[in-house]
Amino acid sequence: MSASCADTMARALCAVLLVCVAAASAATLHARALNNRPVIGVLSQEVSPTVAGIYGNHSSYIAASYVKFLEGAGARVVPIMIAQNSSYYKDVVSRINGVLFPGGATYFDNQQGYADAGAILFSLAEQLNARGDYFPLWGTCLGFELITYLAAGRREHRAWCDSENEMLPLDFKPDFAESRLFKSASKEVIKILSTENVTPNFHHWCITEKNMTKFGLSEDWRVMSTNKDSDGFEFVSTIESRSRPFYATMFHPEKIGYEWKEKHRTPHDAHAVLTMQYFADFFVNEARKSSHKFSPNGEIELIYQYQPTYTGNRTIYQQLYFFNY
Ligand SMILES: *[C@@H]1O[C@H](CO)[C@@H](O)[C@H](O)[C@H]1NC(C)=O
Ligand SMILES: *[C@@H]1O[C@H](CO)[C@@H](O)[C@H](O)[C@H]1NC(C)=O
Ligand SMILES: *[C@@H]1O[C@H](CO)[C@@H](O)[C@H](O)[C@H]1NC(C)=O
Ligand SMILES: *[C@@H]1O[C@H](CO)[C@@H](O)[C@H](O)[C@H]1NC(C)=O
């Protein structure tokens with residue numbers, strides 16, 4: 001082997017190595033920028049008097065399906081109590097990487113209830129994002145209604161409608177693929193979402209595009225899809241904020257994998273599960289962009305400290321976590 005050949009080979013090898021080193025350090029940097037131990041707060045809500053009477057008069061609950069939804073995408077969950085002072089919420093938010101407002105059934109004007117706690121959390125999330133501290137929010141069903149209610153300055157703008165136990169494909173807006181929520185979805189996920197009855201709707205309130213405009217929400221909030229209730233009344237089914245990492249769906253992705261009420265038509269087929277997982281992965285990936293550290297209390301406040309109760313034979317939920325505030 002001539003010296004010049006060895007030289008050429010060495011240089012080529014060296015170039016390859018350099019490329020690999022460069023790629024590896026970019027990957028390391030990227031991995032370091034993400035927080036792969038995300039903790040997401042799930043807001044609890046008031047227990048209805050009937051459910052309370054059966055299970056021991058606890059003050060609040062979280063349906064276990066929301067916990068499983070987030071855990072199944074690689075997050076840990078901390079329950080956020082209602083009826084606390086603002087230092088409690090400020091402290092929690094400084095140590096977690098996002099908040100999920102679950103669906104359910106409660107009133108926005110209950111003193112010290114779900115909406116009052118939600119208002120504090122929403123405003124803290126706005127403040128964090130305004131100063132460049134990435135902090136995502138997700139709302140499902142009642143959580144969607146809570147988000148637009150709060151964004152509208154606590155002004156009621158829901159229309160009464162009927163989409164109870166309706167499984168629907170999304171009617172996507174022409175520019176839906178420009179949204180952050182859908183721009184990275186695979187063709188398969190979009191095809192399933194737009195053609196199959198995979199989005200589980202369970203609501204008697206609807207947010208309309210008309211009221212989003214009327215209540216000043218159209219500028220910041222992008223509507224990616226709409227749907228029609230059983231009477232053909234059109235409602236908004238997915239939204240995201242243009243200025244902050246806030247997202248909401250009117251339907252319940254988490255029920256697909258984790259709720260099994262027989263009278264419900266909730267799909268459990270592989271395509272439906274794929275869409276549930278898409279939404280869970282998306283939101284947990286958003287939380288990975290938040291660098292808050294869940295310390296110094298270790299795991300002590302995480303959901304692992306609580307036992308879910310079997311409620312599948314008396315409520316629409318398989319399991320509930322109960323709390324006394
Ligand atoms: C809940 O409170 C009501 C009214 O005080 C009482 O009648 C009921 O037995 C309680 N339920 C349980 C499970 O403790
Ligand atoms: C707020 O509530 C916490 C308990 O969650 C308590 O330890 C703290 O002293 C309260 N702070 C204020 C300012 O009332
Ligand atoms: C708009 O909001 C009002 C409440 O402020 C409600 O009564 C009405 O039904 C809503 N209309 C539509 C079209 O969403
Ligand atoms: C529901 O299941 C529980 C066991 O977890 C049982 O004690 C209770 O009697 C059941 N209730 C009904 C109405 O079937």
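The following exercises, with worked solutions, concern helix packing and ligand surroundings in a predicted model.

**Exercise 1.** Describe how helix α8 and helix α11 pack against each other, and identify the residues that meet.

*Solution.*
Step 1. Two packed helices are described by the angle between their axes and the distance between the axes.
Step 2. For α8 (residues 187-195) and α11 (residues 270-287), the angle is about 115 degrees and the axes are 10 Å apart.
Step 3. Angles of 65 to 115 degrees count as roughly perpendicular, and α8 is therefore roughly perpendicular to α11.
Step 4. The handedness of the crossing between α8 and α11 is left-handed.
Step 5. On the α8 side, the residues in contact are Glu188, Val189, Ile192 and Leu193. Their counterparts in α11 are His271, Leu274, Thr275, Tyr278 and Phe279.

**Exercise 2.** Carry out the corresponding analysis for helix α4 and helix α5.

*Solution.*
Step 1. Helix α4 spans residues 86-95 and helix α5 spans residues 114-130. Their axes come within 10 Å and cross at roughly 45 degrees.
Step 2. This angle makes α4 oblique to α5.
Step 3. The crossing of α4 past α5 is right-handed.
Step 4. From α4, Tyr89, Lys90 and Val93 make the contact. From α5, the contributing residues are Ala117, Ile120, Leu121, Leu124 and Leu128.

**Exercise 3.** Determine which residues surround ligand 3, and list polar contacts of this ligand.

*Solution.*
Step 1. The surroundings of ligand 3 consist of Glu156, His157, Arg158, Ala159, Thr208, Asn211 and Phe215.
Step 2. The polar contacts require N or O atoms within 3.5 Å. Through its backbone, Glu156 places an N or O atom 2.8 Å from an oxygen atom of ligand 3.
Step 3. Side chains also take part: a polar atom of Thr208 lies 2.6 Å from a ligand 3 oxygen atom, and an N or O atom in the side chain of Asn211 is 2.2 Å from an oxygen atom of ligand 3.
Step 4. On its own, ligand 3 has 360 Å² of accessible area, of which the protein covers 60%.

**Exercise 4.** Describe the surroundings of ligand 1 and of ligand 4, with the share of each that the protein covers.

*Solution.*
Step 1. Around ligand 1 stand Gly53, Ile54, Gly56 and Asn57.
Step 2. A polar backbone atom of Gly53 is 3.2 Å from a nitrogen atom of ligand 1. The side chain of Asn57 has an N or O atom 2.4 Å from an oxygen atom of ligand 1.
Step 3. The protein buries 30% of the 360 Å² that ligand 1 exposes when taken alone.
Step 4. Ligand 4 is surrounded by Tyr310, Asn313 and Arg314. Within this group, the side chain of Asn313 has an N or O atom 2.3 Å from an oxygen atom of ligand 4.
Step 5. Of the 360 Å² of accessible area that ligand 4 has on its own, the protein covers 32%.

Methods: Residues numbered from 1 in each chain as written. Chains lettered and ligands numbered in written order. Predicted model: local features only at pLDDT ≥ 70, side-chain atom pairs only at ≥ 80, totals over all residues. Heavy atoms only, no water. Near = heavy atom within 4 Å. Polar contact = N/O pair within 3.5 Å; in protein donor to acceptor, adjacent residues only side chain to side chain. Areas by Shrake-Rupley, 256 points an atom, 1.4 Å probe, with all protein chains shown as cover. Axes fitted to C-alpha atoms, helices over the stretch in contact; angles between N-to-C directions. Helix = DSSP H or I, 4+ residues; strand = E, 2+ residues; numbered from the N terminus. Parallel < 35°, antiparallel > 145°, perpendicular 65-115°, else oblique. Left-handed = near helix turned anticlockwise from the far one by under 90°. Contact = heavy atoms within 4.5 Å.
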